Amino acid sequence: MAAADREAPLELSGEDLEGNPVDLADLRGKPVVINVWWSECPPCRVEQPDLNEAAAELGDRVAFLGVNIRDSSAEKGLAFTRNFDVTYPSLYSPDGSALLSFAGTLNPRSIPSTVVLDDEGRVAASVQGRIPTTQTLLSLVDVVLDE
């Protein structure tokens, strides 16, 4: 999405899987990759290595945040993050209410999905469904970094 066409910054806050506060506003100043996932989602499992690779390659230039929905306990989500070596936090939203912040961008039923925010917290790109490749995500983020 062209910078001129982007809407207001997203507002999203809550607790991560370990009970720590998370506020998207704290991540402003650099692009943010947000991935919506569920521990029992097969495509989520397939794409996690690509997300990990992108996060490692992008380093501190970009923040990553997961949004864990549908899991009946934070422990299930934590098990997923341990099993897949996820290094970034995930907001825990078992009822999916965190997705309300993405109205007009994401379908509440689209798991997995990924959103790239610009450094102001505005939606710059989104992928509904599994990220096809690491390079796909890196390309989307590179456009935002080059702005």
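**Reasoning from values to names in a predicted model**

Q: How do you know that the length of helix H1 agrees with its number of residues?
A: Helices (H or I, at least four residues) and strands (E, at least two) are DSSP runs, numbered from the N terminus, and H1 covers residues 42-58, 17 residues in total. The expected span of a helix is 1.5 Å times one less than its number of residues, so H1 should span 24 Å, and its end C-alpha atoms are 25 Å apart, which agrees. This is a predicted model, in which local features need pLDDT of at least 70 and side-chain atom pairs count only at pLDDT 80 or more, while totals for chains, interfaces and linings use all residues. Residues are numbered from 1 along each chain as its sequence is written, and side-chain values use heavy atoms, with hydrogens and water left out.

Q: Where does H1 bend, and what follows there?
A: The bend at a residue is the angle between axes fitted to the seven residues ending there and the seven starting there. By that construction H1 bends by about 35° at glutamine 48, and proline 49 follows within four residues. Just after H1, glycine 59 takes a positive phi of about 55°.

Q: Why is phenylalanine 64 called buried?
A: Buried means under 20% relative accessible area, exposed over 50%, and partly exposed in between (1.4 Å probe, protein chains only). Phenylalanine 64 has 9% relative accessibility and therefore counts as buried. Leaving aside its neighbours within four places in sequence, phenylalanine 64 is in contact (heavy atoms within 4.5 Å) with residues including Leu51, Ala54, Ala55 and Leu58, and these four also appear among the buried residues of H1.

Q: What makes phenylalanine 64 and tyrosine 88 a tilted pair?
A: Rings of Phe, Tyr and Trp (its six-membered ring) pair if their centres lie within 6.5 Å; planes under 30 degrees apart count as stacked, over 60 as edge-to-face and the rest as tilted. These two rings are 5.4 Å apart centre to centre, with 40° between the planes, and the pair is tilted. It links distant parts of the chain, since phenylalanine 64 lies in strand E4 and tyrosine 88 in the loop between H2 and strand E5, 24 residues apart. Tyrosine 88 is buried as well, because its relative accessibility is 10%.

Q: What makes phenylalanine 80 and phenylalanine 84 an aromatic pair?
A: Their ring centres are 4.6 Å apart and their planes differ by 35°, which gives a tilted pair. Phenylalanine 80 is buried, because its relative accessible area is 2%. Trp37 joins Phe80 and Phe84 in one aromatic cluster.

Q: How do you know that the charge of arginine 70 sits over the ring of tryptophan 38?
A: A charge sits over a ring if NZ of Lys or CZ of Arg is within 6 Å of the ring centre and within 35 degrees of the ring normal. The charged end of arginine 70 is 5.4 Å from the centre of that ring and sits over it.

Q: Why is arginine 70 called partly exposed, and why is aspartate 85 called exposed?
A: Arginine 70, in the loop between E4 and H2, has 41% relative accessibility and so counts as partly exposed. Aspartate 85, in the loop between H2 and E5, has a relative accessible area of 57% and is therefore exposed. Arginine 70 has a positive phi of about 75° although it is not a glycine, and phi of aspartate 85 is near 55°, also positive.
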